[in-house]
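Have the chain open in your viewer while you read. We will visit a pocket and a surface patch together.

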Amino acid sequence: AAGRMAASGVLALLLALVIAGELTVLSLRSVPWVIDKVFWLTCLAFQLGMAAFWPLQRCAPPRCRSLLMDVCHWAFVVMSFAGPVLLRAPASVAVVAGVALLTVVVRMIMDNTCIITEVADTSSL
């Protein structure tokens, strides 16, 4: 339980950092609306869903919270691999590369355990 709480705090911090990077990319005029900004807005929608996990701990059943994190986890995986292929702006590619690096570093620190799975306490991945 203590390990999950620590992972939960780390995930919340990482989520905030990634959202800040995405908002920065969205604010750049050099980033095109076609594909790039639509991609980032879609990412933000799923991340807001993921952020809802913490307030839902007070009122939603565990299965509901787990399903929410599972859907957001799948979206993260699909979009992480699709990003380098779809995105055109250098700033977009830089954010995707940064997120990929963060993902690998956190997974190595956590002994090859996914932080999202750890926080959700289950996954279908």
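Below comes a word on confidence, then the pocket, then the patch.

This is a predicted model, in which local features need pLDDT of at least 70, side-chain atom pairs count only at pLDDT 80 or more, and totals for chains, interfaces and linings use all residues. Residues are numbered from 1 along each chain as its sequence is written, and side-chain values use heavy atoms, with hydrogens and water left out.

The chain has a mean pLDDT (the predictor's confidence in each residue, from 0 to 100) of 89, with 94% of its residues at 70 or more. Helices here are DSSP runs (H or I, at least four residues), numbered from the N terminus.

| Confidence in the chain | Helix | Mean pLDDT |
|---|---|---|
| Highest | α2 | 94 |
| Lowest | α6 | 84 |

Now for the largest pocket, which holds about 780 Å³ of space. A pocket is an open set of points on a 1 Å grid over the protein atoms alone, where a 1.4 Å probe fits, with protein on both sides within 12 Å along at least five of seven lines; lining residues have an atom within 4 Å of a point. Its lining counts 33 residues, and Phe-76, Ser-80, Val-99, Thr-103 and Ile-116 lie nearest the centre. Helices α1 (2-27), α2 (33-51), α4 (62-86), α5 (90-109) and α6 (115-120) each give two or more residues to this lining, and α4 gives the most, with nine.

Helix α2 also appears on the surface: it supplies five residues, the largest share, of a nonpolar patch. Trp-33, Val-34, Ile-35, Val-38, Leu-41, Val-85 and Leu-86 make this patch of about 690 Å². Patch residues have over 30% relative accessible area (Shrake-Rupley method, 1.4 Å probe) and no salt bridge (a Lys or Arg side-chain nitrogen within 4 Å of an Asp or Glu carboxyl oxygen), with nonpolar side chains joined within 5 Å.

Definitions and conventions: Points joined across faces, edges and corners; volume = space filled by probe spheres on them. Patch = residues over 30% accessible without salt bridge, like charges linked within 9 Å, V, L, I, M, F, W, Y side chains within 5 Å.
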